[in-house]
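Please open the structure in your viewer and keep the selection tool at hand for a short guided tour.

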Number of protein chains: 2
Amino acid sequence: MNDSAAVALVDWGTSNLRVWLVDRTSQVLGERQSPEGMGSLTPDRFAGVLEAHLAALGASDDLPVVVAGMAGARAGWIEAPYVETPAPLGDLFRQAVAAPGVSRRVHILPGVCQRQAGGEDVMRGEETQLLGAVEAGLRDALFCMPGTHSKWVSLEDGRVVHFNTVMTGELFQLISRQSILRLSIGEGRADDHHPAFRSAVEEALTADFSLTTRLFSIRARALLAGADEASAAARLSGLLIGAEVAAMRTFIGPDRRVQLIGSGALNDLYSQALVLAGAEPVPLDGGALVRRGLFAAAKALYPERFAETA
Amino acid sequence: MNDSAAVALVDWGTSNLRVWLVDRTSQVLGERQSPEGMGSLTPDRFAGVLEAHLAALGASDDLPVVVAGMAGARAGWIEAPYVETPAPLGDLFRQAVAAPGVSRRVHILPGVCQRQAGGEDVMRGEETQLLGAVEAGLRDALFCMPGTHSKWVSLEDGRVVHFNTVMTGELFQLISRQSILRLSIGEGRADDHHPAFRSAVEEALTADFSLTTRLFSIRARALLAGADEASAAARLSGLLIGAEVAAMRTFIGPDRRVQLIGSGALNDLYSQALVLAGAEPVPLDGGALVRRGLFAAAKALYPERFAETA
């Protein structure tokens, strides 16, 4: 039994589950990671899966839990309705929903939605990373969060005032693996050092660029000029990421900073594209931010767990 | 035996095969249609498949044949190398390639390619429809040929001076059936009368439109505003076709005419999008055009078959 744990923090997405046991100063006492994402679970299994991970970490029976992510979607454990923009991130905990079927206290944080006609959008999970960024002092900033569905988020005074989801990652997968371009891309992987990536981003940043009218050039270059798989993959990635950065460039402020929350090769690609667009990418650790956001919500939800006992 | 046949005309694409027997005035004496497209055949089967259809039509053993389409691709029956832009369509027959493995004369017409750096593109099959249009007097015109891979082609004095392939149809299939948007589109079909189609086209025609940053709004509208499947499908179609028309608008001339070669529901969608973009769509029959183009090539390749005998 881990008696110094103050709370368990859970990031429960579509594909993955992460659980941290932390003390009241946010020190991590234990951690679990699993592919038991929301997408692979029926609602009746959430409680059991969570309890199994908590038991493995030696959590006490009454340890409270704060959850962020797709577990709060309509098809998840229990729906935690969206907070609407402009969404004050420090208040997310007020719309947290108690999870059913567990004897301990488990709260699921809400997502954020944007209802304005023509700009409808939703997020679940990213808002908790952003809360972590606010806790770290980033109350006014532009965030780029690359992934299957990239998010671009404008924060003002700790509130989400505007955001946009871009399906770049999912389009890359579909087009590179299943469209006719698969014949030219094969097993090629996008590399930010490849000249074809850079030139495709620059092409996407020009005025009047149209993504769909340029995609087939990847196939034509392979047929006519013998372009290899690596350059075809780099070109597709550059056109897609370049189109995303070009469209979102309008949100970049005079300080040119874009807070980049991601990891690995994808971050390298976005960093390069942002620099080409005249921005200054500032890399942030998404895992640390979501933990920090969950911890802030936990302190608000269960203040007694963090009270001084001296 | 059909003794009045002058030549057989064949349109052999990736998915379909069409064969016409025509007399020396281009009257159709017999016709066959089959799903034996190039995509389903290995090179050793082309000769046999063609002979079987010719036999069913009662063609004589020495009837010559002209073929257009993907049969001339590298992975087809035999490669017919591309004619480069600016490509004089009346001269396509000069680069026709004799097909192997048949005792009769069979010529496969070349495709057209555009090698200029940054504008690489290829077509196979459309050039023969365009030759048909030239035969019909359309020597200077802009053509829109909707499909899995739409083609936009500028003809000047009977030559292909510029063209562009847009993967609109293939993207619609991939995104509507396999991306996260499938959850909102379901069995919905795009309808040009749906207000969501029109408004999506208008959105795509605005300055600074970015397709990829707008796609996810289809999902968000379904989640937040309860948009139904038909409106989600119409919106996706409108964004994609609108993006295509918006990018190609620059090629529309002062007479505003766009020659539209296609059929069915897709033509209705493109017609509406073209009108919204300020163009004047002129519908043409693609089947009639390819036959006319093949006939013109046949007369050049086998002049003795068309000589006056009176």
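Which residue in E9(A) does Val83(A) stand opposite? Select Val83(A) and you will find Val112(A) across from Val83(A) in E9(A). This is a predicted model, in which local features need pLDDT of at least 70 and side-chain atom pairs count only at pLDDT 80 or more, while totals for chains, interfaces and linings use all residues. Residues are numbered from 1 along each chain as its sequence is written, chains are lettered from A in the order in which they are written, and side-chain values use heavy atoms, leaving out hydrogens and water.

Next, select strand E9 (residues 112-114) of chain A, which runs parallel to E5(A) and is joined to E5(A) by two bridges; strands here are DSSP runs of E with at least two residues, and helices are runs of H or I with at least four, numbered from the N terminus. Widen the selection to the open sheet of three strands, whose order in chain A is E5-E9-E10 with mixed pairing, where two strands pair if DSSP finds at least two bridges between them. Its edge strands are E5 (83-84) and E10 (121-123) of chain A, each pairing on one side only.

Now show both chains: 40 residues of chain A are in contact with 40 residues of chain B, contact meaning heavy atoms within 4.5 Å. Finish at Arg221(A), which forms a salt bridge with Glu120(B), the closest N and O atoms being 3.0 Å apart; the rule asks for a side-chain nitrogen of Lys or Arg within 4 Å of a carboxyl oxygen of Asp or Glu, and finds two salt bridges across this interface.
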